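Hi,

Here is the structure I promised to send over. Have a look at it first, and then read on for what turned up.

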Amino acid sequence: PTAHSPTASRLISIGSVAELLAASPRTVRRLDAAGKLPEGIKLGGLKRWREDELLDWIAAGCPPRHHWSWKSSAR
């Protein structure tokens, strides 16, 4: 999908990730630091995650980052 496509993956904040996981932002930070979440994207001082990737990661059983491989073209 192109950047302007309605099916393009949306980048979400740590608060949205926390909501998606039913966890606190602090827990999301700890999981990320421990390598238990998919790799986020740094935008200056911000960190964002691809919503589609997180949904696929959850469907795959939440494997650790070093076991996770996601291909955006698969969606």
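**What I found**

Ala22 sits in the loop that runs between α1 (14-21) and α2. Before I go on, please keep in mind that this is a predicted model. What caught my eye at Ala22 is the backbone: its phi is positive, about 55 degrees, although the residue is not a glycine. Most residues other than glycine have a negative phi. Ala22 is also exposed, because its relative accessibility is 74% and the cut-off for that label is over 50%.

There is a similar case further along the chain. Cys62 is not a glycine either, and its phi is positive too, near 60 degrees. You will find Cys62 in the segment after α3. With a relative accessibility of 36%, Cys62 counts as partly exposed.

**The strands**

Now for the sheet pairing. Strand β3 covers residues 46-50, and strand β1 (residues 11-12) is joined to it by 2 bridges, with the two running antiparallel. If you want a spot to look at there, Ile12 is placed opposite Trp49 of β3.

Strand β2 (residues 41-43) also runs antiparallel to β3, and here 3 bridges hold the pairing. One pair to click on is Lys42 with its bridge partner in β3, Lys47. β2 and β3 make a hairpin, with 2 residues between the strands. Gly44 is in that turn, and its phi is positive, about 65 degrees.

**The salt bridges**

How many salt bridges does the structure hold? The count is 5, and I'll take you through some of them.

Start with Asp32 and Arg65, whose closest N and O atoms are 2.5 Å apart. Asp32 belongs to helix α2 (residues 25-33) and Arg65 to the segment after α3 (51-59), so this salt bridge ties together parts that are 33 residues apart in sequence. Are the two partners buried or exposed? Asp32 counts as buried, at 12% relative accessibility, while Arg65 is partly exposed, with a relative accessible area of 22%.

Arg65 has another partner as well: it forms a salt bridge with Glu39, where the closest N and O atoms are 3.6 Å apart. That pair also links distant parts of the chain, since Glu39 is in the loop between α2 and β2 and the two residues are 26 apart. Glu39 is partly exposed, at 45% relative accessibility.

Which residues are linked in a network of salt bridges? They are Asp32, Glu39, Lys47 and Arg65. You have already met Lys47 as the bridge partner of Lys42 in the hairpin strands, so it is worth showing its side chain when you look at this network.

One more pair to show on screen is Glu53 with Arg50, whose side chains meet in a salt bridge at 3.4 Å, N to O. Glu53 is buried, because its relative accessibility is 7% and buried means under 20%. Arg50, on the other hand, is partly exposed, with a relative accessible area of 31%.

That's the tour. Shout if anything is unclear.

Cheers

Definitions and conventions. Residues are numbered from 1 along each chain as its sequence is written. This is a predicted model: local features need pLDDT of at least 70, side-chain atom pairs count only at pLDDT 80 or more; totals for chains, interfaces and linings use all residues. Side-chain values use heavy atoms; hydrogens and water are left out. Two strands pair if DSSP finds at least two bridges between them. Helices (H or I, at least four residues) and strands (E, at least two) are DSSP runs, numbered from the N terminus. A salt bridge is a side-chain nitrogen of Lys or Arg within 4 Å of a carboxyl oxygen of Asp or Glu. Buried means under 20% relative accessible area, exposed over 50%, partly exposed in between (1.4 Å probe, protein chains only).
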